[in-house]
Amino acid sequence: MAVVSPRESPAARRLFHPISTRIVPLPYLGIGLFWQKKLSKRDSRASVNCWARRRTPSLPGETTKYNVAVTIHYILVTMFPMFATLVGSFAFPTPAAVKPPSVIFNEIFQVFVVLGTLVGIVVIGYMLWKAYEYRAGDGKGEGMDVDRPSLGELPTGGDGGRKLFLSFGLSTIIVVSLIIWTYGALLTVESGPPAAETEGEPVEITVTGFQFAWQFEYENGHTTTGTMRVPADRPVKLHVTSDDVFHNFGIPGMSLKADAIPGQTTETWFVAEEPGTHTAQCYELCGSGHSYMTAQVIVMEPSEYEEWYESTQNETAS
Amino acid sequence: MTDTDDSEITTDGNDGAAMGTDGNEDPPTGDGSEDPPTGDGGMDATAGDGGGNATAGDGGGKIRTDGGEIGDAADAVAAEADHDHEHGLPPWSSLKRWLVTTNHKDIGILYTIASLFFLGIGGIIAMVFRVELWEPGAQIMGAGAYNGAVSAHGLLMIFWFISPFAFGLANYVIPLQIGADDLAFPRLNALSFWTYFLSGILFLFSFFQGGTFTGGWTMYAPLSIPAYTPQIGANTTVLALALFIASVTVSSVNFLTTLHRMRAEGLTLRKLPMFTWSILLTVYMMLFAFADLLAAGLILSSDRLLGTTYMAAEGGSLLWTHLFWFFGHPEVYIVFFPALGIMAETFQTFTGRRLVGRKWFIASMVLVAIQSFLVWMHHMFLTGINLEVKTIFMATTIAISLPFDLMMFALIYTMIKGKVRFTTPFLFSFGGVLLFIIGGITGVFLGAVILDYQLRGTYWVVAHFHYVMVGGVTALIAGLYYWFPKMTGRMYNRRLGKIHFAGYFVGFNLLYFPLFFAWGTPRRVFQYAEMFTIWHQIATVGAFILALSFAVMFYNLTVSIWRGEPADDNPWEYATSAEWAIPSPPPLENFPGIPSYADGTLSFLDRSKAGGVTDGGTVTETDGGTVSGTETSAEPSHASFWPLAVGLGLFIAFLGLGGFQEGEWASGMTGLFHQAMTVLGTLVTGGSLVGMARERFVGPEMPSAGHWPFKNVENMKLGVWMFLASDVVLFGAFIGSYVFMRFVAGWQAWQPVPHDPIPGLINTYLLLTSSFAVVLALVAARRNSSRGVAAALFATFGLGAAFLINKAIEWQELFHEGLTLSANIRTSTFYLTTGLHGAHVLIGMLFAIYMFFRATRGAYLDDERPIEYFGLYWHFVDIVWLFLFPLFYIL
């Protein structure tokens with residue numbers, strides 16, 4: 001899984017280049033324009049230059065609402081370059097400060113949670129409000145002169161497609177932008193631990209899962225079962241596999257997870273910023289001992305780790 | 001008032017109250033319907049004079065009939081009994097009726113009740129392990145039992161509850177909505193039900209056979225092979241699933257043929273009601289997705305029963321994930337789409353507004369159905385696949401969420417300018433949309449690969465899919481309440497319905513929302529971190545509230561069947577589709593005349609004036625039985641014992657097969673029992689299939705119907721083509737598995753198992769000649785030569801037999817050299833794939849010899865279509881061999 005670091009990846013650079021971030025929203029603009037023309041043509045028979053104008057508004061206030069919606073749409077689209085550039089700088093940090101995957105994950109997760117909650121509240125709130133506003137009996141819809149469905153009719157759609165497209169376009173922009181943003185972070189994580197000069201030589205450990213414990217093998221051949229020792233502030237690269245069935249090795253405290261598949265090896269990495277103890281668990285059902293398939297991950301001060309590592313070398317050497 | 005001719009129309013003798021006699025609409029029964037029709041909202045049928053206006057009104061319309069009367073719902077049941085009896089069907093109160101019926105309405109009710117039964121069991125299992133999860137650590141169950149419980153819960157809910165529940169409603173409603181008298185193949189419909197129900201019973205048996213399957217509903221390999229899961233119950237589970245897949249495949253073929261060929265005139269595909277559209281797309285997805293699951297299940301069964309080494313070999317784990325998730329992802333849309341259709345229907349009815357953006361809604365559904373097959377690797381982001389592939393699947397996953405955005409917005413905007421009535425169906429439907437939106441938002445988290453790296457295998461996934469799937473169930477419950485008056489002729493208790501909704505909504509959210517907070521819990525564990533305890537406890541409380549609300553529903557619906565207020569034909573104002581234009585419950589033949597939308601709105605044409613067919617005789621569609629096609633219009637049949645018999649035979653046979661593990665029978669009495677059951681089951685199945693073929697069964701006819709795009713493809717033929725399409729996917733998955741395993745092992749390093757290709761070449765010639773023989777049989781039939789037909793069919797049989805004998809000799813030699821099924825992955829793939837093909841040849845031969853005997857008695861001269869259909873199957877089998885031969889012998 002050899003991936004070029006994003007700082008060296010020409011493709012990634014191009015994606016977040018100031019010029020390309022201005023080109024990207026053009027299709028959105030184009031689509032928006034196309035639909036506006038089409039919709040306004042439908043409204044008025046002889047349309048000449050109607051972009052954001054309707055000849056025959058159906059209800060008072062509708063035109064204003066429509067214009068406001070269109071304006072918001074365009075603002076968001078034109079602001080896309082700013083948004084993307086901002087994000088780009090975030091996804092490609094300067095070389096001195098490489099973020100460990102756990103920090104990246106937490107930041108992205110929090111943004112998603114906030115945005116997701118916001119979107120959920122807005123959409124569901126809108127839904128509830130409309131249901132109340134147009135309730136039968138004494139809601140707004142009672143007095144309206146609207147063609148209602150009748151038994152035996154062939155189905156046709158209702159009107160109101162304009163709103164639908166605006167909402168759809170808006171949600172598309174939000175979702176796609178979010179994903180593009182996370183993609184930058186994905187590239188960072190996938191490119192593996194940062195170069196040796198910046199953070200120190202990565203510690204490489206082979207993790208083997210079996211029913212129902214984890215075995216760790218270090219570079220010098222030393223093996224332990226149930227406990228993994230790593231130094232703080234240094235990247236740790238894990239090669240994960242399984243001896244029997246499908247497991248998954250995860251350290252929630254380090255935001256790390258890798259499938260442990262018999263016959264193949266998956267790779268992942270992390271950086272522990274401070275000494276402490278974490279628990280690793282199995283995240284794929286593997287048999288009756290699955291719930292208890294845990295291991296301890298002890299993050300030690302770099303100097304302590306070096307001492308310990310030396311001592312294991314003496315053992316294996318003798 | 002004239003009481004016109006057609007005895008097919010149910011009249012109860014109560015002419016005074018029959019609609020149309022005096023031009024008044026039927027008085028609303030008490031305030032039985034939640035929405036009393038407005039003054040002009042009733043439905044008038046002017047009888048006898050063939051005239052009458054269809055007015056496009058506000059909530060009401062007049063359905064034109066030219067010859068029938070529509071009876072009053074209140075006495076429908078009594079009339080029903082006599083009327084059904086005339087058609088050879090016992091009344092509702094007799095058990096026999098339910099065992100032999102082939103009518104779609106009865107089968108719909110059977111599916112609904114059976115699926116609710118499995119819901120009960122799956123739900124009780126869930127409550128047990130939610131009690132177990134009250135605190136970290138083992139409480140009331142051992143680890144094995146816990147694993148079995150979570151696996152069984154998943155299997156029962158996904159396979160035996162949710163889709164069959166949707167199909168219960170679909171079976172009942174679809175023919176009514178499209179204007180058909182029944183599904184295209186009524187006996188196959190009954191067969192689908194019985195194999196489904198008995199496969200579920202077979203799965204429940206597995207609990208008593210050393211414990212059920214314990215590897216999760218996802219059945220990851222190699223945990224699923226006997227080395228790690230030795231109990232017989234696991235064999236039974238996989239076999240039960242295979243039987244279930246057979247049921248689903250038959251059902252999809254049935255629905256696809258019906259939906260393409262039996263629509264009322266003027267009802268083009270674009271004008272189908274939303275529920276029908278959603279079912280159409282669901283069955284398309286089912287046809288292809290379940291074929292892939294069948295391949296996965298057959299491979300797993302073969303590993304377990306025959307001792308092949310797919311799953312234990314290098315790459316086997318990954319092979320399983322590919323096979324399973326290629327099915328698994330379309331499956332979740334198969335589960336959700338019917339709910340989506342119900343959401344669209346109920347939003348339209350209960351807001352009094354037509355669906356906003358309807359054609360975009362349909363386009364979105366079609367897009368999702370296609371895209372569902374392109375996203376499966378998002379379940380595999382951590383399996384070490386490379387970055388480019390992950391990027392592609394991230395993109396397709398996000399792309400598939402976008403049509404759903406559009407659909408949800410369309411539903412919400414439909415409420416604007418509407419008159420929203422908060423009836424029980426609408427409460428559930430609205431609630432379903434709300435819950436689905438929450439589930440959908442959390443799904444975007446999982447689509448962002450970097451987040452999926454953390455969320456994989458945790459309760460975030462569990463909470464997400466319960467929100468979307470059980471959100472779908474919410475809408476299905478809406479459908480149950482919505483169509484309950486139609487199905488039973490009674491109204492449920494509205495107060496209890498709303499209480500059910502309140503309990504359901506509170507319980508649901510108490511159960512699943514805390515799981516987002518406890519997302520750090522790994523899946524399928526009972527030992528979790530202390531900090532999550534409070535969330536799990538809230539969830540357990542929610543589970544019990546949810547279960548109690550279901551108890552309310554069961555009570556409400558059961559009691560209402562006997563003591564509910566009688567319901568109108570159309571208790572819902574603004575409902576538009578055809579099922580609301582007929583009595584509640586509908587009579588056996590559904591409609592008072594032939595439904596037609598030819599002039600833009602629903603009308604019923606006089607049956608005796610069935611237009612546009614040949615001199616005096618209508619083309620009678622048969623169901624595979626022996627009725628020849630040129631007979632004059634025969635009374636459609638409604639009952640057959642054989643589907644139940646075939647289902648029982650298959651159940652017994654599969655029960656027996658479960659005792660065969662890794663190439664040998666279980667020891668002692670258990671082994672004997674299983675062997676006996678296998679033999680008995682095979683005999684019963686074979687005999688019943690012959691009986692079914694010999695039975696004289698008349699299927700429904702559609703003299704004038706919408707047929708696009710299969711206008712000239714007659715029902716049986718279309719059914720065969722659909723079946724072959726799924727068979728293509730089955731073989732595709734097997735060949736794909738072979739290619740995958742070979743790539744993993746190193747393509748060049750892999751020696752073909754047979755030493756030389758000569759036997760394979762001979763087999764190729766044999767098969768090609770046999771195909772030619774079938775063509776000769778067809779030609780002979782057209783030339784009226786019964787001896788020619790018999791000879792050609794016998795030649796086909798003989799060449800097929802030669803093929804199998806040749807293959808047997810070849811295999812014997814290979815076995816002698818130690819190249820058995822379990823030897824290694826090369827032999828496993830060789831024997832299983834060519835063996836599957838050989839099984840297809842064997843089945844073809846059984847058809848051929850049966851047809852040979854019939855041909856000697858002069859059959860197929862008047863109607864050579866069975867030979868043509870057999871030919872389609874046989875040519876398909878030959879073409880598959882043309883792929884297998886180079887792949888396994890030469891390359």
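In this predicted model, the contact between the two chains draws on 84 residues from chain A and 102 residues from chain B. The size of an interface is often given as the accessible area lost when the parts come together. By that yardstick, chain A and chain B bury about 8200 Å² between them, with carbon and sulfur atoms accounting for 69% of it. On the chain A side, the residues that lose the most area to chain B are M127(A), R148(A) and L151(A), and together these contribute 10% of what that side buries.

Polar and charged pairings also join the two chains. Seven salt bridges are counted between chain A and chain B. One pairing to look up in the viewer is that of R456(B) with E284(A), a salt bridge whose closest N and O atoms are 3.0 Å apart. Across the same interface, 25 residue pairs are in polar contact, with both partners at pLDDT 80 or more. Four elements of chain A give two or more residues to the side that touches chain B, namely the helices α5 (101-133) and α6 (161-190) and the strands β7 (256-260) and β9 (276-282). Of these, α6(A) supplies the largest share, 17 residues. Sorted by character, the chain A side of the contact holds 45 nonpolar, 26 polar and 13 charged residues.

Attention now turns to the interior. In soluble globular proteins, nonpolar side chains tend to be buried together. Here the largest nonpolar core has 312 residues, and the members that touch the most others are F159(B), W160(B), F290(B), F337(B), L340(B), F361(B) and L451(B). Helix α4 of chain B, residues 143-178, gives the most to this core, with 23 residues. F159(B) makes a handy starting point for exploring the surroundings: beyond its neighbours within four places in sequence, F159(B) contacts G154(B), P164(B), W217(B), L241(B), F244(B), F290(B), L293(B), F327(B) and E331(B). A second core, separate from the largest one, comprises 35 residues, among them V230(A), F249(A), A260(A) and V297(A).

Chain B as a whole completes the picture. Its secondary structure consists of 22 helices and nine strands. Of the 891 residues in chain B, 66% are buried. Among the contacts in chain B with a separation of 6 or more, 81% link residues 24 or more positions apart.

Key. Residues are numbered from 1 along each chain as its sequence is written. Chains are lettered from A and ligands numbered from 1 in the order in which they are written. This is a predicted model: local features need pLDDT of at least 70, side-chain atom pairs count only at pLDDT 80 or more; totals for chains, interfaces and linings use all residues. Side-chain values use heavy atoms; hydrogens and water are left out. Contact means heavy atoms within 4.5 Å. Buried area is the accessible area (1.4 Å probe) that two parts lose on being put together, summed over both. A salt bridge is a side-chain nitrogen of Lys or Arg within 4 Å of a carboxyl oxygen of Asp or Glu. A polar contact is a pair of N or O atoms within 3.5 Å; within protein, one must be able to donate a hydrogen and the other to accept it, and residues adjacent in sequence count only if both atoms are side-chain atoms. Ala, Val, Leu, Ile, Met, Phe, Trp, Tyr, Cys and Pro count as nonpolar, Asp, Glu, Lys and Arg as charged, and the others, Gly among them, as polar. A nonpolar core is a set of buried Ala, Val, Leu, Ile, Met, Phe, Trp, Tyr and Cys residues joined through side-chain atoms within 4.5 Å. Buried means under 20% relative accessible area, exposed over 50%, partly exposed in between (1.4 Å probe, protein chains only).
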